[in-house]
Amino acid sequence: MSTATKPDVELDELGKFFTIAARRFDAGQAAPEMFSTAIDTAWHTLAADPAAHRAFGLQHAGRELAHVEMAGHGPITWVAAYEAAYGPLPEIWFTDIDGTVNAEALARYRESGIVVAEWDCGPRPGPGDGDDMVPEKSTR
C-alpha cells in the first residue's frame with residue numbers, strides 16, 4: 001500500500017478538486033470529472049457527515065457541492081487548471097481504493113501531461129440528497 005493514501009492527503013486533494021470545481025462553475029464550464037477512487041472514497045466518507053461535508057465545501061469551494069452520478073470516459077478536462085494552481089497531479093490521483101497505484105496511467109500522465117480515465121461521479125453546486133453517497137468498492 002502506498003504511503004500516499006493517508007486520509008489527510010486524500011482530503012487535501014479533495015479540497016483542491018472542490019476549488020477547481022468552483023472555478024469551473026464560475027466560468028460556466030462543465031463539472032470536473034472525479035476519476036480517482038481513492039479520493040472519491042474520501043469524498044463518500046466526508047459526505048456521511050452532512051455538516052462536515054457542507055463546511056468542507058464552503059471552505060474549499062465557497063459553496064456547498066453535491067456528489068452526483070456522471071459517468072464517462074475520456075480526457076480529464078481540468079488537469080491543466082490543477083497544474084496551474086498546484087503543480088503536477090500527485091500519485092494519489094492514480095491510486096485505487098485499496099492503495100494500489102496505477103503505475104501505467106501515472107507514467108502516461110507524467111510523460112504527456114494528459115490523463116485519460118473513466119469516472120462515474122462529480123460535483124454539482126448545491127446540497128445533495130445523499131442517495132448516491134453509499135461507499136462502494138470500485139473496480140476501476
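These legends accompany four views of a predicted protein model.

**View 1. The whole chain, from the N terminus on.** Let's start with the overall layout: five helices and two strands make up the secondary structure of the protein chain. Their order, read from the N terminus, is α-α-α-β-α-α-β. The protein chain has 140 residues, and 45% of them count as buried. About 7,200 Å² is exposed, with 53% of that area supplied by carbon and sulfur atoms. Among contacts with a separation of 6 or more, 79% join residues 24 or more positions apart.

**View 2. Helix α2 and its cover.** Here we turn to residues 37-47, which form α2, a mostly covered helix with nine of its eleven residues buried. The buried residues include Ile39, Trp43 and Leu46, and also the polar or charged-type names Thr37, Asp40 and His44. At the N-terminal end of α2, Ser36 serves as the cap, with a side-chain oxygen 3.4 Å from the backbone nitrogen of Ala38.

**View 3. The largest nonpolar core.** This core holds 32 residues, and Leu14, Phe35, Trp78, Leu89, Trp93, Phe94 and Val115 have the most contacts inside it. At least two core residues come from each of α1 (7-26), α2, α3 (50-61), α4 (79-86), α5 (103-112) and β2 (116-125). Helix α1 gives the largest share, seven residues. In soluble globular proteins, nonpolar side chains tend to be buried together.

**View 4. A closer look at Leu89.** Which residues does Leu89 touch, not counting those up to four places away in sequence? They are Phe35, Trp78, Val79, Tyr82, Phe94, Tyr109 and Val115. Of these partners, Phe35, Trp78, Phe94 and Val115 are also among the core residues with the most contacts.

Definitions and conventions
Residues are numbered from 1 along each chain as its sequence is written. This is a predicted model: local features need pLDDT of at least 70, side-chain atom pairs count only at pLDDT 80 or more; totals for chains, interfaces and linings use all residues. Side-chain values use heavy atoms; hydrogens and water are left out. Helices (H or I, at least four residues) and strands (E, at least two) are DSSP runs, numbered from the N terminus. Buried means under 20% relative accessible area, exposed over 50%, partly exposed in between (1.4 Å probe, protein chains only). Contact means heavy atoms within 4.5 Å. Accessible areas come from the Shrake-Rupley method with a 1.4 Å probe; for residues, only the protein chains shown count as cover. A polar contact is a pair of N or O atoms within 3.5 Å; within protein, one must be able to donate a hydrogen and the other to accept it, and residues adjacent in sequence count only if both atoms are side-chain atoms. A nonpolar core is a set of buried Ala, Val, Leu, Ile, Met, Phe, Trp, Tyr and Cys residues joined through side-chain atoms within 4.5 Å.
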